[in-house]
Amino acid sequence: MSAGLSAAASVRRVISRAPLFLRYLFIIALALGIFALILVAAGKDPFKAYADTFAYTFGNVYGFSELIVRMIPLLLTAVAVAFPARIGMINVGGEGQLYMGAWLASGGALALSGFPAWALLPLMTLLGFIGGAVWAAIPGILRAKKVVNETIATLLLNYVAPMIISYFVFGPWRGVESSSYPQSPAFSDGARLPSFFNTRIHVGLLFALVSLLAYWAIVEKTRWGVQMRAIGGNPEAAERLGIPLVLYMVIVMAIGGGVAGLAGMGEVSAIQGRLRQGLSPGYGFTGFLIAWLAGGNPLGILLMTFLFAVITSVGDILQITQGLPYSVVNILMAVILFVVLGRRSVRRASR
Amino acid sequence: MIWIESLLPMSTETGTLLIEARGIVKRYATVLANDHVDFALRGGEVHALLGENGAGKSTLSRILYGFTQPDAGEILVAGRLAPLRSPHDARALGIGMVFQNFTLIPALSVLENIALFLTNLPPVVRRGDISRRIRRLAGRFGLSVEPSALVRQLSVGDQQKVEILKLLLADARVLILDEPTKVLAPHEVEELFGVFRTLKNEGYAILFITHKLREVLASADRITVMRQGRIAGTRARGEADESALVSLMFGGQADQIPGSGSADTTGGARAAAHTGAALLELRGAGTRAAGSETALRDIDLAVHEGEIVGVAGVSGNGQKELGDLILGLRSARRGSKILHGEDASRWSIGRVRKSGVAFVPEDPLSMAAVPGMSVRENLALGTGRRYARGVTVDWRLLESTMVGSFRRFGFPVPALHAPIRSLSGGNLQRAVIAREMAHDPRLIIALYPTRGLDVMSAVAVRRLLGAVRDSGTGVLLISEDLEELFEMSDRLLVMYGGAIAGEFARGKWSADVVGHLMTGSGRPDGKAEA
């Protein structure tokens, strides 16, 4: 019995010591295995389903480029969650912050449509950041003043932001040339973020990668990062040591929200070319899941984002090729969640 | 009657080997907490585990209770190999432990707390039966508590009795107690040792951790001394005396106390008090209280350059709130706070600290350290912008300054990259003190700075405070240890119920008067004026 136990323990040790990448691979393999059983139960061929998914995502350049396009807002909203998480703040409001970034950036694009790209795009980027930052700073201030918990405030503000968008696209900003749809007029060329290589991959990818890198560098390398980790690790000690908790809560939340706002700016400027309702299929929520599953690890965020980009594509693909509803994606996400949580609790129990 | 019989599966013959540990090794990061420890515990003995802070006593006891898993070595219980994977395994084998922080539920009664711990609790609890069992055992071992009383109404001493009863009712034969006397008043300690005697006469084995020599010599049949993770020696009662134990604990270097300068820089208060300008003044300060806090009432207090102002009092009488008020964590509702001659009532904590106020809080792990971060990062916290280099930290300058500070006080320098939670309680306290003292503070607020430290470290800290006082720093020393306060203070305040109950100049106090004021029974005429 003890031999069996020690064998299990050594397997566990090998897994826990394996490089990050292998561990994620293990999670994915296990999750796909379980999901395959579900597909079989639904009377579908899992091998065919996975082969199709592979063919449509990795099999051709277009499919792969669409994965990258999808990764941009996911990466940004994941960073928007991971950054405040380092001081122990739970930002569930990435979705709303994304919308507000999109809104303010659109406002700039519409008001200054005559401006050239070199002036307008940086301005829109700044506006996108500010939109998300202000939207996140509100819960930050409320939390710092001990009025409302930031988890609740950010969550609720997610429902307010799309309504603000709706008001503007139904009202003041409604386009004339397409007035039958609730959407703004198309942006001028100067307000469109450039794309690369004839794909839809746009400059937002740089925003995302720079944000991720900055997140890592600030937390791990700067003196503010030391203070942030102190607040996250033991807020009472941090406060007693003279670290300005209130300031950090507001500023870090605002920066997180600003990064989510960049995601919104990228969507309206590069992908949609105008402001419309429902511009995000829940990127903010998926970003939360990514940041959380990756445990705030920057490389983990990158890998998880890629994984979730694939998963959300699975829904589209299986809908077309296998006639499955899009919501099978939710099953797959749930399976992954289970695998990750299961591994964590096993690890904790084995201590 | 059935109950009594089920409690006696043990042989009453004394001297049987109940627990034997062989070659126990436990490593935390770079610290070898237990280094090939061999240890034996017999039935019918009171066994004391003695050692400095960080000697590995707590680790060993937690391993024997299955709470911590050793990296190597084996444990035999009653002669048979017993892998103790969890406290559950240990309890099934009749091993019970009383932790320093009790594990009782305050809102429940004594009976309910004990019933919760029983392994064979039937679906329908028969209170009468359990109550009878409690009373019977309580009578037999001198552990009298009222089964229907709520635990939160009990004194600490009585709560400890409940913890012991809990183990006895759950058929424990081996009782491990982690510093059981730390929280007790002197007469309660006597009582506890009486309980130990009756238990051992009935064949129970008792292992208790302590670093108080006098208690060990008064109560233990055998004494095992640990030093730096190893067993330094085991002595039977007859073969041990204080000096022998001290030399085992400190490796024969007891007379060489680190941090001591010349002979005249002892910790004691200076003979002639000539003090300088006021560093800190509280004028009629009062605070509001919420929950279990104590409201401060009309506090007048001053600390001058070059003096140690002691604050005596039973903890919970506003000492924590006083410290927080000075630090700036809470604000005064009435009155004012003046630091270095400026009104500091509205200063942020960062500004207070920057002005040269160092703070040693009562619980360093929760109040002055971030457990998940490295020692080095923890040393950087609270230093403001002193080590800022562009966007990053000048780690080299920080390290050299901090190592210098450790050395100055004769503290061992810990591994700077290890997580600070791997340090023992005493080493953590040293790290906090080294950090706070690194920049020559003008005013030191120290709450219970020697609590939990072993004798040598406590002496080193007291000398340190004495030495900085002599060089012109002001010290506010909040402590529960009257001997320490009497030795150190140039002036002594007594706190009771959130107010200053008395103030004494050096030489004007007596233990009797201070003791009465501390307990709220001070006669008004006993209040001596400075």
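Which residues of α4(B) are buried? In this predicted model, they are B:Val110, B:Leu111, B:Asn113, B:Ile114, B:Ala115 and B:Phe117. Helix α4 of chain B spans residues 110–117, and because 6 of its 8 residues are buried, the helix is largely enclosed by the rest of the structure. A residue counts as buried here when 20 or more other C-beta atoms lie within 10 Å of its own. The cover over the buried residues of α4(B) includes two helices of chain B, α5 (127–141) and α6 (156–169).

The packing of α4(B) against α5(B) can be followed residue by residue. The axes of these two helices come within 10 Å and cross at roughly 95°. α4(B) is therefore roughly perpendicular to α5(B). On the side of α4(B), the contact is made by B:Leu111, B:Ile114 and B:Ala115; on the side of α5(B), by B:Arg127, B:Ile130, B:Ser131 and B:Ile134. B:Leu111, B:Ile114 and B:Ala115 also appear among the buried residues of α4(B). A general property of helices is useful when reading such a list: an α-helix has 3.6 residues a turn, so residues three or four places apart point the same way. By class, the contact of α4(B) with α5(B) comprises 5 nonpolar residues, 1 polar residue and 1 charged residue.

Chain A is built from helices, with 14 of them and 0 strands. Read from the N terminus, its order of elements is accordingly α-α-α-α-α-α-α-α-α-α-α-α-α-α. Of the 351 residues in chain A, 45% are buried. Among contacts in chain A with a separation of 6 or more, 75% join residues that are 24 or more positions apart.

One helix pair of chain A may be examined in the same manner. Helix α4 (residues 61–85) and helix α5 (residues 94–111) of chain A have axes that come within 10 Å and cross at roughly 120°. This angle makes α4(A) oblique to α5(A), and the crossing is right-handed. α4(A) contributes A:Pro73, A:Thr77, A:Ala80 and A:Val81 to the contact, while α5(A) contributes A:Gly94, A:Gln97 and A:Leu98. These residues divide into 4 nonpolar, 3 polar and no charged.

The two chains also meet each other. Their contact takes 25 residues from chain B and 15 residues from chain A. On the side of chain B that touches chain A, the elements giving two or more residues are α11 (349–354), α12 (364–367), α13 (375–380) and β18 (392–393). Of these, α11(B) gives the most, with 3 residues. By class, this side of chain B has 16 nonpolar, 7 polar and 2 charged residues.

The confidence values belong beside this description. For the complex, the predictor gives an ipTM of 0.77 and a pTM of 0.69. Chain B has an average pLDDT of 82, and 87% of its residues score at least 70. Over residues 1–13 of chain B, however, the pLDDT is below 50, and this stretch has 12 contacts in the model beyond near neighbours in sequence. Residues 523–530 of chain B likewise stay under 50 in pLDDT, and for them the model has 13 contacts beyond four places in sequence.

Definitions and conventions. Residues numbered from 1 in each chain as written. Chains lettered and ligands numbered in written order. Predicted model: local features only at pLDDT ≥ 70, side-chain atom pairs only at ≥ 80, totals over all residues. Axes fitted to C-alpha atoms, helices over the stretch in contact; angles between N-to-C directions. Helix = DSSP H or I, 4+ residues; strand = E, 2+ residues; numbered from the N terminus. Parallel < 35°, antiparallel > 145°, perpendicular 65-115°, else oblique. Left-handed = near helix turned anticlockwise from the far one by under 90°. Contact = placed C-beta atoms within 7 Å. Nonpolar A, V, L, I, M, F, W, Y, C, P; charged D, E, K, R; others polar. Buried ≥ 20, exposed ≤ 12 C-beta atoms within 10 Å, placed from the backbone. pLDDT = per-residue confidence, 0-100.
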